[in-house]
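Q: Hello! I am new to reading protein models, and I would like to learn how to look at a few features step by step. Could you guide me?

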Amino acid sequence: DIIPQPLLDQYLSMTDPARAQTVDTEIAKHCAYSLPGVALTLGRQNWHCLKDTYETLASDVQWKVRRTLAFSIHELAVILGDQLTAADLVPIFNGFLKDLDEVRIGVLKHLYDFLKLLHADKRREYLYQLQEFVVTDNSRNWRFRYELAEQLIRILELYNPNDVYDYLRHIALTLCSDKVSEVRWISFKLVVAILQKFYANNASALGLNFINELVVRFRHCSKWVGRQAFAFICQVGMFSLCI
């Protein structure tokens, strides 16, 4: 009653490989791009009409198709709600995490938006996987690591201080030693945000341990770039206090 059945059938047929050969080589990509809009129109109660098509697109051999879905999976999660997201989207999300960098970046750019929609226990399962974003197919792809640091600043609010200390702290320290200055600079902001997280949640012991680690790792570093990093961290921290 929402969409004429012939029109819906026509849309679902866009994943047919024969259509790519006879109609348009990028027809599957167009289908993937439009899917959140179709899902919104149909409503979550009719998700079963699109589920198989979505799974077909998520395993398409063309990375551009998978990339399109990766960039919009957080929007689809809002449409479907937490139960359908956990059942049908999380497995596909996990697949995208192990995909090519061209696909992973779509997940990474909206990582916070997707994780905040999950239940706390399910969200916690991704703590260990976050460090996998530090490694990329091409080490020169520094914007990937920059995006990771930006997302982590937002993601801090989703986890308790102990989880931040045990998992996210290591990532922040690694990014602070990145070869690219842009990545290091955004990582200094991440370090300060972590310290603010500790002290705002009465976890001063964790904060003190982290400060001592920063002193040992950077303040007393034998290389000037390490000592410079410590100075910049202090600068960012003082600026944050002022505002």
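Q: Is Ile211 buried, partly exposed or exposed?
A: In this predicted model, we compare the relative accessible area with two cut-offs: under 20% is buried and over 50% is exposed, with partly exposed in between. Ile211 has 32%, so this residue is partly exposed.

Q: Which helix holds Ile211?
A: Look at helix 12, which covers residues 204-219. Ile211 is found there.

Q: Which residues form a nonpolar patch with Ile211 on the surface?
A: The partners are Tyr199 and Leu208. Together with Ile211, these residues have about 260 Å² of accessible area.

Q: How do I describe a pair of aromatic rings?
A: You use the distance of the centres and the angle of the planes. By the pairing rule, this model has a count of 10 aromatic pairs. Take Trp142 and Tyr146: their ring centres are 6.4 Å apart and their planes stand at 90 degrees, so the pair is edge-to-face. The reasoning needs two cut-offs, namely centres within 6.5 Å for a pair and planes over 60 degrees apart for edge-to-face.

Q: Where do Trp142 and Tyr146 lie along the chain?
A: Both belong to helix 9, residues 142-155. They are four residues apart, which is about one turn of the helix.

Q: Are Trp142 and Tyr146 buried or exposed?
A: The answer falls in between. Trp142 has a relative accessible area of 23% and is partly exposed. Tyr146, at 25%, is partly exposed too.

Q: Which residues form an aromatic cluster with Phe93?
A: Phe114 and Tyr126 join Phe93 in one cluster.

Q: Which residue lies over the face of Tyr165?
A: That is Arg169, at 4.1 Å from the ring centre.

Q: Now for the whole protein: how many helices and strands are there?
A: You will find 13 helices and zero strands. Read from the N terminus on, the elements are therefore written α-α-α-α-α-α-α-α-α-α-α-α-α.

Q: What does the C-alpha trace span along its principal axes?
A: The span is about 70 × 35 × 30 Å.

Q: What share of the residues counts as buried?
A: The protein has 243 residues, and 47% of them count as buried. As for the surface, the protein exposes about 12900 Å², with carbon and sulfur atoms supplying 54% of this area.

Q: And what can I learn from contacts in the protein?
A: Consider contacts between residues at least 6 apart in sequence: 67% of these join residues at least 24 apart.

Definitions and conventions:
Residues numbered from 1 in each chain as written. Predicted model: local features only at pLDDT ≥ 70, side-chain atom pairs only at ≥ 80, totals over all residues. Heavy atoms only, no water. Phe/Tyr/Trp six-rings, centres within 6.5 Å; stacked < 30°, edge-to-face > 60°. Helix = DSSP H or I, 4+ residues; strand = E, 2+ residues; numbered from the N terminus. Buried < 20%, exposed > 50% of the residue type's maximum accessible area, 1.4 Å probe, protein only. Lys NZ or Arg CZ within 6 Å of the ring centre and 35° of its normal. Patch = residues over 30% accessible without salt bridge, like charges linked within 9 Å, V, L, I, M, F, W, Y side chains within 5 Å. Areas by Shrake-Rupley, 256 points an atom, 1.4 Å probe, with all protein chains shown as cover. Salt bridge = Lys/Arg side-chain N within 4 Å of Asp/Glu carboxyl O. Contact = heavy atoms within 4.5 Å.
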